[in-house]
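Could you walk me through this model in my viewer, one selection at a time? I'd like to know what to click on next and what I'll find there.

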Amino acid sequence: FKHMTPNDFWQIIDQARPQPPSIAEANRNLLRLLAALPDEELLYFDYFFTYYEALVIASPNRLIWDALYLVHGGKSAYSTYGFAAWLILQGKNTYLAVLRDADRLADTEAAPNYCSGSLKGHEHELPEQRAFAARLYRERTQTGIRAFNKTAAEFARKAHAEWGGTIQQELNIPSRSTDRTRTIEDLAPILPDTYRKYIQHGNRR
């Protein structure tokens, strides 16, 4: 039996992504796809999702948060976990492109009300997708939260030994610092495409 690989994970994400974009429909699609997986594959999916999420939160390219600040018109009105989930849901190519070059956020469909994995109106809550596989696994195996957390942690160590190095090597994210004293105008030459799309053009609407 072939266990889930990072590419299998991204294939599920691609299959779940609807056109036009809709977090609610992506959630329904993702739940349907996960329901077809064996128990151990749910643990793999849970590991991959939470690991890719953590890689966004701890990304050495801190300019992604400056870019997100511009998407929101110069407001820090976003959830870091919500954005991490949203970026994962955009697929591997977009995920890697934005982490490597924050200005590529301008190439996405990010908008103030569409750059969180949480449903509209719940943007500051933890996104649901990060718990889907865990919830299905617990329901199937009749496992409580504490027992599941122990199982998931043990499994994550095994999965990380198997795939962590490969994922890190593939990411190849540059280290780019941010500066809290920067103004919106300071970011114009640093993130020119994102500034143009969300500040210059956004202000004309």
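Start by selecting Glu53 and showing whatever lies around it. Leaving out neighbours within four places in sequence, Glu53 is in contact with Tyr81, Ala84, Ile88 and Arg130. Keep in mind that this is a predicted model. Glu53 sits in helix α3, and with a relative accessibility of just 2% it counts as buried, because the cut-off for buried is under 20%. Now add the side chain of Arg130: a polar contact of 2.8 Å joins it to the side chain of Glu53.

Next, colour the largest nonpolar core, which has 66 residues. Which members touch the most others? Pick out Phe9, Phe45 and Tyr95. As for helices, α3 (residues 39-57) gives the most to this core, with eleven residues. As a rule of thumb, nonpolar side chains in soluble globular proteins tend to be buried together.

Click on Tyr95 and ask for its contacts. Setting aside residues within four places in sequence, you should get Trp10, Tyr52, Leu55, Val56, Leu87, Ile88 and Leu171.

Time to look at rings. The model has 17 aromatic pairs. Zoom in on Phe9 and Trp10: their ring centres are 5.2 Å apart and their planes meet at 75 degrees, an edge-to-face pair. Both of these residues are buried.

For another geometry, go to Tyr44 and Phe48. Stacked or edge-to-face? This pair is stacked, because the planes are at 25 degrees, with the centres 6.2 Å apart. Why are the two separated by about one helical turn? They are four residues apart in helix α3. Tyr44 is at 0% relative accessibility, so it counts as buried, and Phe48, also at 0%, is buried too.

Now select the whole aromatic cluster in one go: Phe9, Trp10, Tyr44, Phe45, Tyr47, Phe48, Phe49, Tyr51, Tyr52, Tyr95 and Phe155.

Leave Tyr47 and Tyr51 showing for the last stop, His160. Ignoring residues up to four places away in sequence, His160 touches Tyr47, Tyr51 and Gly165. You'll find His160 in helix α8, which covers residues 145-171. Buried, exposed or partly exposed? His160 has a relative accessible area of 35%, so it is partly exposed. To finish, draw a distance from His160 to Thr108: C-alpha to C-alpha they are 30 Å apart in space, and 52 residues apart in sequence.

Key: Residues numbered from 1 in each chain as written. Predicted model: local features only at pLDDT ≥ 70, side-chain atom pairs only at ≥ 80, totals over all residues. Heavy atoms only, no water. Buried < 20%, exposed > 50% of the residue type's maximum accessible area, 1.4 Å probe, protein only. Contact = heavy atoms within 4.5 Å. Core = buried A, V, L, I, M, F, W, Y, C linked by side-chain atoms within 4.5 Å. Phe/Tyr/Trp six-rings, centres within 6.5 Å; stacked < 30°, edge-to-face > 60°. Polar contact = N/O pair within 3.5 Å; in protein donor to acceptor, adjacent residues only side chain to side chain.
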